[in-house]
Amino acid sequence: MSEPAARYDAGTRVVRHRLADRLYHWLMAAAMLVLLGTGFLPILGLRFAWVDAHWIAGVILIALVLFHIFRALFVLRFADMWVGWREFWQSFAATTREVISGRSAGRRLGKYSVGQKMFHHAVAVVVLTACVTGVIMMVGVDSPFWERNPLFITEKTRGVVFLLHGLAGLCSITMIMVHVYFAIRPEKRYMTSSMIGGWISRSEYESHHDPKLWSVEK
């Protein structure tokens, strides 16, 4: 089972993101904001009952990540996010030339640029770190489904887990800021709107994307 190639819709639209992937993106964004809010606002002095909201949002995030992993392996085209050495160095060389010359070369991309792919992989590492350490930390919290077990890990291990979880949270804040910055840039807004409506126009596809790197069925 695999996702078919993107298609032109009535000759004017190209499907970029399926509904399931758009829902995943926005639900993950909501879960991340709840986690960061409940994780850092109490540190800044805002007092409220944050523990239950934090672990519930964490469970939702873990479920979303597992759903995305399943789709990436069995539904989506995994190659869309793969970065080969040749592609990486070609992109690096082209970007270097653009920076030195001070003008854009007007390169056309695949479905995702190398920068987007690398950012995706960095987010994956950070989110998976947060999820794994969060599961370990949840064992020490009472919930309707289990009783807390503070002896599940040693004090030394607990310190490492808390450190990694906190670093993942700090990295997440930075990555969200970077993500929002590029999402609102004029040349990237057509991509941002596709995460809402699911499609880009045919002219946007032909202007920004190389059919050899991202094939579209007519």
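This report describes selected helices, aromatic rings and one loop residue in a predicted model.

## Helix H2

Helix H2 covers residues 51-74. At 1.5 Å a residue, its 24 residues should span 34 Å, and the C-alpha atoms at its ends lie 35 Å apart, so the expected span and the modelled one agree.

Several residues of H2 are buried, among them His54, Trp55, Ala57, Gly58 and Leu61. Further along the helix, Leu64, Val65, His68, Arg71 and Ala72 are buried as well. The buried residues of H2 pack against three helices: H1 (19-40), H4 (114-138) and H5 (155-183).

## Aromatic rings in helix H3

A pair of aromatic rings is described by the distance of the centres and the angle of the planes. The structure holds six aromatic pairs. In one of them, the ring centres of Trp85 and Phe88 are 6.3 Å apart and the planes stand at 85°; because an angle over 60 degrees counts as edge-to-face, this pair is edge-to-face. Both residues belong to helix H3 (residues 85-101), where they are three residues apart, or about one turn of the helix.

Phe88 also pairs with Trp89. This pair is edge-to-face too, with 5.3 Å from centre to centre and 80° between the planes. Ring pairs join Trp85, Phe88, Trp89 and Phe92 into a cluster.

## Exposure of the ring residues

Are these ring residues of H3 buried or exposed, beginning with Trp85? Trp85 has a relative accessibility of 66%, and it therefore counts as exposed, the cut-off being over 50%. Phe88 has 26% relative accessibility, so it counts as partly exposed. Trp89, at 48%, therefore counts as partly exposed.

## A charge over a ring

A ring of this structure can also have a charged group as its partner. The charged end of Arg13 sits over the ring of Trp199, at 4.0 Å from the centre of that ring.

## Asp210 and its surroundings

Where does Asp210 lie? Asp210 is found in the loop between helix H7 (202-208) and strand E4 (216-217). Leaving aside residues up to four places away in sequence, Asp210 touches Arg108 and Leu109.

Asp210 can also be placed with respect to Gly169. The two residues are 41 residues apart in sequence, and their C-alpha atoms are 36 Å apart in space.

Conventions
Residues are numbered from 1 along each chain as its sequence is written. This is a predicted model: local features need pLDDT of at least 70, side-chain atom pairs count only at pLDDT 80 or more; totals for chains, interfaces and linings use all residues. Side-chain values use heavy atoms; hydrogens and water are left out. Helices (H or I, at least four residues) and strands (E, at least two) are DSSP runs, numbered from the N terminus. Contact means heavy atoms within 4.5 Å. The expected span of a helix is 1.5 Å times one less than its number of residues. Buried means under 20% relative accessible area, exposed over 50%, partly exposed in between (1.4 Å probe, protein chains only). Rings of Phe, Tyr and Trp (its six-membered ring) pair if their centres lie within 6.5 Å; planes under 30 degrees apart count as stacked, over 60 as edge-to-face and the rest as tilted. A charge sits over a ring if NZ of Lys or CZ of Arg is within 6 Å of the ring centre and within 35 degrees of the ring normal.
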